[in-house]
Amino acid sequence: MGESTVGKGTVSKGAAEGGGPGGSSVPVSDPFDALPDLAPLRAAAWDDDWAGTQAFFAEIGYRAADVSFAAGLLAGVERTEAYLERAVKALPADPLPRTLLAERYIRIGWRVRGGARAERVSRDQFAEFHDWLRKAELLLIEVCAEHPEYGPAWTARLLTARGLELGQSEARRRYDRLSEHHPHLLRAQSQLLQQLCPKWGGSWEAAHGFARETAADAPPGSPAGALIAEAHIERWLDLGGAAATEYLRDVAVRNELRDAARTSVLHPDHRPGRHSWGAHSTFALVFSLGGHLRDAAAHFAALGDTVSESFWQYLPDWKNRFTTYRTAASAAL
């Protein structure tokens, strides 16, 4: 993605301590445990400690990719909205507290909605979901008007655009405004990729095209190659059944995934960090689903006993599937 990651640690403590691709332990998927130098942020959130939260973001340098990544994680910590609301009142001109609070509102809204297809979401769920997103959008509109270069707010507005069903053109407009200042912000790219999938009104041509274009434009060693894996996983999910399995076994798909991995997280210029944690998790999944276990092995090795659950959650009993695939990948070497 071309922007620095939060901190400079390796992807996996477990790998350094012998977790490896052949391990049998249940993977650690909570990012605050898998990536332990995030612990100060969670501790501050648990203590309703705005000063501690602010200190964490100051420590990572307020870089757009880092702030957006951490904001998404903080949004998942329960009952943080109260202390973030107080911070917004205390610092009305600061974009950070408003963006963090908006991210929290978005997370609450999406949790109300759930992950089901639209036809399975009730009218009351949609109403409450949209109420939360509108609260977030009001905050983010202010931030983007006052600080048009503030990437974390534009990234959050890609989530509200999708949830409020504002359409492909509006989502793309928001992404283009962001990319004027931050052309390689991976979390934003992943959010737009979701919007471009057919389930949100896009097309496979648009989704694969964006993933390929973005990965090609990224600096060598950027985790952006994982966008190609994300697009193929979404296609696999949409196909379902035997057709999905055959799709990921296709030699052309496998070769594209290999090239994407080689130019991103397996490239000599890659610098391991939090964003590579998610990328390795995605590559490990897509190669495993396609039966390309030797290709998956390097990604499992990088992860050790940790994993980002984002796309793995598409699988039933996914933690056991993770350990099964990891063992098989090790045996395939």
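1. In which loop is D317 found? In this predicted model, D317 sits in the loop between α18, residues 309–312, and α19, residues 318–331. The backbone there deserves a look, since D317 is not a glycine and nevertheless has a positive phi of about 50°. The residue has a relative accessible area of 53%, and D317 therefore counts as exposed, the cut-off being over 50%.

2. A positive phi of about 50° is also found at D48, which again is not a glycine. D48 belongs to the loop between α3, residues 39–46, and α4, residues 50–59. With a relative accessible area of 41%, D48 is classed as partly exposed.

3. Is Q189 buried or exposed? Q189 is buried, because its relative accessibility is 1%, and the residue is part of helix α11, which covers residues 186–196. Leaving aside residues up to four places away in sequence, Q189 touches Y175, P183 and H184, together with F210, T214, A224 and L227.

4. On confidence, the mean pLDDT of the protein is 92, and 93% of its residues reach 70 or more. Residues 1–21 call for separate comment, as pLDDT stays under 50 over this stretch. The model nonetheless has 72 contacts beyond four places in sequence for residues 1–21, and a reader who goes through those contacts should keep in mind that they involve a stretch with pLDDT under 50.

Conventions: Residues numbered from 1 in each chain as written. Predicted model: local features only at pLDDT ≥ 70, side-chain atom pairs only at ≥ 80, totals over all residues. Heavy atoms only, no water. Helix = DSSP H or I, 4+ residues; strand = E, 2+ residues; numbered from the N terminus. Buried < 20%, exposed > 50% of the residue type's maximum accessible area, 1.4 Å probe, protein only. Contact = heavy atoms within 4.5 Å. pLDDT = per-residue confidence, 0-100.
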